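Here is a protein model with a bound ligand. Look it over before reading the questions.

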Amino acid sequence: VIGILGGGLIGQSWASLFLAHGAEVVIVDPDPGVEDQMAAFLTSAWPNLRALGLATDEDIPTIKVSTDMADLADVDWVQENAPDRIGVKRDLIAQLEQVIGPDAVIASSSSSLMPSDIQPGACHPGRILVAHPMNPPHMVPMVELVAGAATEPGVMDRAEAFYHRFNRVPIRVKKEVRGHLANRLTAALYREAVHMVAEGIADVGDIDKAIAAGPGMRWALMGPHLIYHLGGGAGGYAGYLEHLGPTQEARWQELGHPVLDEALKAKLVAGLETELRDMDPDTLRERRDAALVALAGIKRDYGF
Ligand SMILES: NC(=O)c1ccc[n+]([C@@H]2O[C@H](COP(=O)([O-])OP(=O)(O)OC[C@H]3O[C@@H](n4cnc5c(N)ncnc54)[C@H](O)[C@@H]3O)[C@@H](O)[C@H]2O)c1
């Protein structure tokens with residue numbers, strides 16, 4: 001049985017993924033509205049999960065949604081997705097440990113907290129790790145696994161096997177750093193995207209278009225090291241670093257450090273509104289999900 005502690009955006013998505021693979025899932029969230037939200041989420045996610053080949057049942061299985069932590073008593077795995085505040089997570093884990101068995105693993109979806117931040121005060125800190133997905137975790141397969149100072153090595157092995165079982169792509173991050181791995185990479189890009197708006201180098205919509213029509217085309221297939229290996233031609237990565245490494249270093253010196261003050265935030269939001277003027281967010285979300293399904297198939301077909 002898999003427990004989902006915190007059934008918001010990320011919790012509902014994880015729950016759908018686990019349910020699609022035939023697991024028994026229990027969601028606990030203090031908000032009684034989560035039951036209806038979960039039903040609506042499943043209704044829209046199920047066709048995509050089937051198209052991805054993850055769900056085989058035509059009918060959506062039942063899922064238990066509760067406001068009572070005691071309903072997690074029988075779980076052997078907890079995916080924790082409560083608000084990303086250290087006090088909330090520590091209190092929750094203290095309550096959770098009163099209920100679950102000693103062998104149950106607690107995997108936190110936290111984007112910003114490190115497992116060593118979450119572990120202090122736990123009775124069994126060795127079973128706590130961070131397993132951080134990208135939104136929406138039922139459609140984006142990466143999950144980064146981070147051990148804290150107290151995490152037992154066997155728990156990391158169990159985590160890797162667990163996420164493989166649900167067709168995820170687990171990545172082990174070898175050191176705890178803020179933002180783990182994926183969000184540090186996205187933060188590096190986003191920082192410059194914001195800086196360029198602040199400096200008036202390009203509009204919000206054009207920056208987004210440049211990524212989606214440019215480097216983003218390749219990033220769905222491979223990461224920066226492999227891309228620059230191909231960019232090195234016959235010389236490969238070593239040739240690239242020799243030839244173009246200095247130009248990268250020159251650019252790194254000039255990357256911006258924007259401050260998100262009120263004026264810049266307003267400029268970003270106004271730019272986004274202009275970009276979205278012909279598209280409503282629901283349509284955008286539907287198209288994203290349909291394209292992610294198709295992309296997963298293309299990547300599979302071409303061996304990426
Ligand atoms: N949103 C993202 O893109 C994203 C991506 C990856 C990871 N995460 C991580 O996932 C976690 C959840 O983020 P989210 O975006 O789903 O937030 P959210 O606000 O959508 O959901 C949080 C849920 O936790 C519930 N909650 C509040 N107090 C609780 C408690 N004491 N016990 C149980 N549940 C409680 C809320 O009712 C809510 O349903 C965070 O740690 C976040 O860092 C978010």
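The questions below cover the ligand shell, two helix contacts and two backbone details.

This is a predicted model, in which local features need pLDDT of at least 70, side-chain atom pairs count only at pLDDT 80 or more, and totals for chains, interfaces and linings use all residues. Residues are numbered from 1 along each chain as its sequence is written, and side-chain values use heavy atoms, with hydrogens and water left out.

Q: Which residues come nearest to the ligand?
A: A residue is near a molecule if one of its heavy atoms lies within 4 Å of it. The ligand has 21 residues around it. Those that come nearest are I10, D29, D84, K89 and S111.

Q: How far is an N or O atom in the side chain of S111 from an oxygen atom of the ligand?
A: Polar contacts are pairs of N or O atoms within 3.5 Å; within protein, one must be able to donate a hydrogen and the other to accept it, and residues adjacent in sequence count only if both atoms are side-chain atoms. Backbone N or O atoms also approach ligand oxygens: 3.4 Å for G8 and 3.0 Å for L9. For the side chain of S111, the distance is 2.9 Å.

Q: Which helices and strand each supply at least two residues of the shell around the ligand?
A: Helices (H or I, at least four residues) and strands (E, at least two) are DSSP runs, numbered from the N terminus. The elements are α1 (9–20), α3 (86–99) and β6 (128–133).

Q: At what angle do α7 and α11 pack?
A: Axes are lines fitted to C-alpha atoms, for helices over the stretch in contact, with angles from 0 to 180 degrees between N-to-C directions. Here α7 (residues 204–213) and α11 (residues 262–275) have axes 7 Å apart. The pair is roughly perpendicular (65 to 115 degrees). The angle is about 65 degrees.

Q: Which residues of α6 meet α11?
A: The axes of α6 (residues 182–198) and α11 come within 10 Å and cross at roughly 95 degrees. Contact means heavy atoms within 4.5 Å. On the α11 side are L264, K267 and L268. On the α6 side are Y190, V194, V197 and A198.

Q: What is omega for the peptide bond from N135 to P136?
A: P136 is in the loop between β6 and β7 (142–147). Most peptide bonds are trans. The bond from N135 to P136 is cis, with omega near -5 degrees.

Q: What is phi of N167?
A: N167 sits in the loop between α5 (153–165) and β8 (169–173). Most residues other than glycine have a negative phi. N167 has a positive phi, near 60 degrees.

Technical notes
Parallel < 35°, antiparallel > 145°, perpendicular 65-115°, else oblique.
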